[in-house]
Amino acid sequence: MKQLIMKNISKSYGPVHALNRVHLNFSENGIYGLYGRNGAGKTTLLNILSSRIFADTGTVTWDGRDVVRHPEKIAASCCYMPEKHLFPGGFKISRLLSLAQQAFPDYSKQTETRLCRAFHLNTGLRYNQLSGGFQSIFRIVLGLASNAPITLFDEPVLGLDAVSRDRFYQELIHAFSEHPRLFIISTHLISESADLFNEAVIIHNGEILRQAPVEALLSNAFYVSGRASDVNTFLKDRTVLGSQDVNDLKTAVVEGNLHTEKPIPGLQFSSLTIQKLFIQLTADPGGQESDHE
Amino acid sequence: MNKIKASLAYNMRVYWQMSLWYLWIYPLSMGLTYFALIQTRIISVESGSLIYRIWGSVVFLFAIFIRFKEDFEFLLVLSNTRWQIFISRLITALGFSTLFSVLIVLERVLVDHFNRILGYQNITDPLHRFAPYTVNPAMQFFYFLVLCCCCCAAGMWLGSLFYRFGNKFMSAFWLLFSAFLLIMFPMMMWTLHQKSLLIRTLSAIGQFLSHFHVAAASGTLLLLAVGFSALFWLNIRRLPQQ
Amino acid sequence: MKPEFDSEKSIYLQIAESIEDDILRNVIEEESRVPSTNQLAVMYRINPATAAKGINLLVTEGILYKQRGIGMFVSTGAVKKIRLKRQKSFDSKYVVPLLTEAANLNISKEDIIMMINKNRKSSS
């Protein structure tokens, strides 16, 4: 099983540490989600994986080969659709797609035609004539049709309406089941996308907080709520991820498995959604409620 | 290999579109200028002549090969390695240098032919004395080929430097260039004039240019072209996307 | 089959239950084909591994079986198996919560039995 491995990757832009000692493992057939706040390091991470930029320290290997020393190996297998608009604006979409067909060895013209129809993408227009949403759609079509063994998407659903987003998720799974490959997708839409992923990676301030299947993440945290005094007693000697007080009542997010907890009178345990877990893990210290006194 | 084919298809199209502008605007403006000059009797049809002009396009080639950002970033999106980007740009530069060299030699052949038929002499254009032309068309073609390649390579290297070091570097470069052209160069001329050396200097330069050794110059230019290409490669081999 | 999932229970469990519900209500008959893992994944916009986990759960319990190259089928006797399984968990799943909530609301055992009899009459 081929692996894409990041070992000890660090990258700084002057005084800013974009990535700090990142270790990540991706297996060749899987869909991985990359979650992080704005500026957490998601784009830097994807750029380093695809050799758009180079890390200060550490190595990236694909199938055992260092991608910097053997750039042709990763280039032949990788398709990275960035968030930025890096396409020549004056070129027609049809021409850009045919260039992609030449450039990517496993490209499927059939998939491209089907997707263009599904998303109503007018291939006769020039790239700079497309709206922001359709530029995202164009990147989606290209990325999925490329059939590249490593396909990276940086915020693929930016500016897309709900129908198109849902279509993307459907087409992503369809593409993955027909032609398994490694997908890494960064997105801000956490609740929508969580079910797509084999594993989710949560990155915060350049460091990896979690890499695990979404279910594992959710089975390792839960809400405890009740009277503040009771809750505080419960929270002793536990890892608390966040809490919220209203009058005399308190709700806290705590690490542990909800189903192995002994029921305690006066306390209610309930499960967390992945989006709430993400917010708790990456919110500013002091909590989200601190401004509303 | 397919990556290079795709990159070439893209590069050729971009540069062809840019060259088209030059290839019709330049002859058109030249033709109109001469027509105007003849109409206003500044030059007469008999005393005038057809002269070689298109060789000024080497400057145009230098200028268009400075373009780097859009091509580099798009070719990276198509997952080209930096080596593949380098090779495809080199081939594009060679292709367009060949095209323009063919046009330059063709122009010379046609102009000489028409001058002979119409009985003109190349006397009214002072710059023509210093144009690097030689009798042998093959040598002529080779000379202009390496001259164009050299200009393309220099432009590519400069463009990649602008990309790497950003807008501040680019502004500093053009500022220095303009300063030299508009301030330092005229001041140099004035100093020479003060010392009554101007005429002698200009005629020495004139002597050099009119006894131009095309073959030797070709060799030098070839070395320069290779040098600039090497510098271009060294700059882009680990160039991060901005 | 359930059109959407909720966030309370694992998705693969919800898939398994949803298929079981359909088998129980005869929406999917015994020895007929159920959607493949990939079909389920695309339909629900979920990872195929999750869909596979749900299907495999039913295979392990003998409710579904795999025919190589053709797909997943409902086993004969699946309805009985499902009924038996659910009868066993009926107690902890429905009765215990009912009694807990009744205790919270001070509803007596006699009141519960009265409610049961009233509803039984109207539903039969």
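**Predicted model: organisation of chain A and its contacts with chains B and C**

The domain bounds used here come from an automatic or database domain assignment. On that basis, chain A of this predicted model is divided into domain 1, formed by residues 3-87 together with 148-213, and domain 2, formed by residues 219-282. The centres of the two domains, taken over C-alpha atoms, are separated by 31 Å. Contact between them involves eight residues of domain 1 of chain A and six residues of domain 2 of chain A. On the domain 1 side, α7 (190-193) and β9 (199-204) of chain A each contribute at least two residues. That side of domain 1 is made up of five nonpolar residues, two polar residues and one charged residue.

**Chain A as a whole**

Chain A holds 10 helices and 14 strands. Along the principal axes, its C-alpha atoms occupy a box of roughly 65 × 40 × 35 Å. The chain has 293 residues, of which 42% count as buried. Among contacts in chain A with a separation of 6 or more, 69% join residues that are 24 or more positions apart.

Helix α1 of chain A, residues 42-49, is mostly covered, and eight of its eight residues are buried. The buried set begins with Lys42(A), Thr43(A) and Thr44(A), and continues through Leu45(A), Leu46(A), Asn47(A), Ile48(A) and Leu49(A). Ser51(A), which lies just after α1(A), adopts a positive phi of about 65°.

**Contacts of chain A with chains B and C**

Chain A and chain B meet through 18 residues from chain A and 18 residues from chain B. On chain A, at least two residues of this side come from each of α2 (71-77), β6 (78-81) and α3 (93-103). Helix α3(A) has the largest share, with four residues. The side of chain A that touches chain B contains 14 nonpolar, two polar and two charged residues.

The contact with chain C joins 15 residues of chain A to 13 residues of chain C. Here helix α6 of chain A, residues 162-178, gives the most to the chain A side, with seven residues. This side of chain A comprises six nonpolar, six polar and three charged residues.

**Helix packing**

Two packed helices are described by the angle between their axes and the distance between the axes. Three pairs are set out below.

| Helix pair | Axis angle | Axis distance |
|---|---|---|
| α4(A) and α5(A) | roughly 155° | within 9 Å |
| α4(B) and α5(B) | roughly 140° | within 8 Å |
| α3(A) and α1(B) | about 155° | 7 Å |

In chain A, the axes of α4 (residues 109-119) and α5 (residues 132-145) cross at roughly 155°. Angles over 145 degrees count as roughly antiparallel, and α4(A) and α5(A) are therefore roughly antiparallel to each other. The crossing of α5(A) by α4(A) is right-handed. Thr111(A), Glu112(A), Leu115(A), Cys116(A) and Phe119(A) of α4(A) make this contact with Ile137(A), Val141(A), Leu144(A) and Ala145(A) of α5(A). By class, the participants are seven nonpolar residues, one polar residue and one charged residue.

In chain B, helix α4 (residues 82-118) and helix α5 (residues 137-194) have axes that cross at roughly 140°. This angle makes α4(B) oblique to α5(B). Helix α4(B) also passes α5(B) in a right-handed crossing. The residues of α4(B) that take part include Arg89(B), Ala93(B), Leu94(B), Phe100(B), Ile104(B) and Val109(B), and those of α5(B) include Pro137(B), Phe141(B), Phe144(B), Cys148(B), Cys152(B) and Met156(B). The contact of α4(B) with α5(B) counts 15 nonpolar, four polar and two charged residues.

The third pair lies across the two chains: α3(A) packs with helix α1 of chain B, residues 2-39, at an angle of about 155°. That angle makes α3(A) roughly antiparallel to α1(B). Leu99(A), Gln102(A) and Ala103(A) of α3(A) meet Asn2(B), Lys3(B), Lys5(B), Ala6(B), Ala9(B) and Tyr10(B) of α1(B). Five nonpolar, two polar and two charged residues form this contact of α3(A) with α1(B).

Technical notes:
Residues numbered from 1 in each chain as written. Chains lettered and ligands numbered in written order. Predicted model: local features only at pLDDT ≥ 70, side-chain atom pairs only at ≥ 80, totals over all residues. Contact = placed C-beta atoms within 7 Å. Nonpolar A, V, L, I, M, F, W, Y, C, P; charged D, E, K, R; others polar. Buried ≥ 20, exposed ≤ 12 C-beta atoms within 10 Å, placed from the backbone. Axes fitted to C-alpha atoms, helices over the stretch in contact; angles between N-to-C directions. Parallel < 35°, antiparallel > 145°, perpendicular 65-115°, else oblique. Left-handed = near helix turned anticlockwise from the far one by under 90°.
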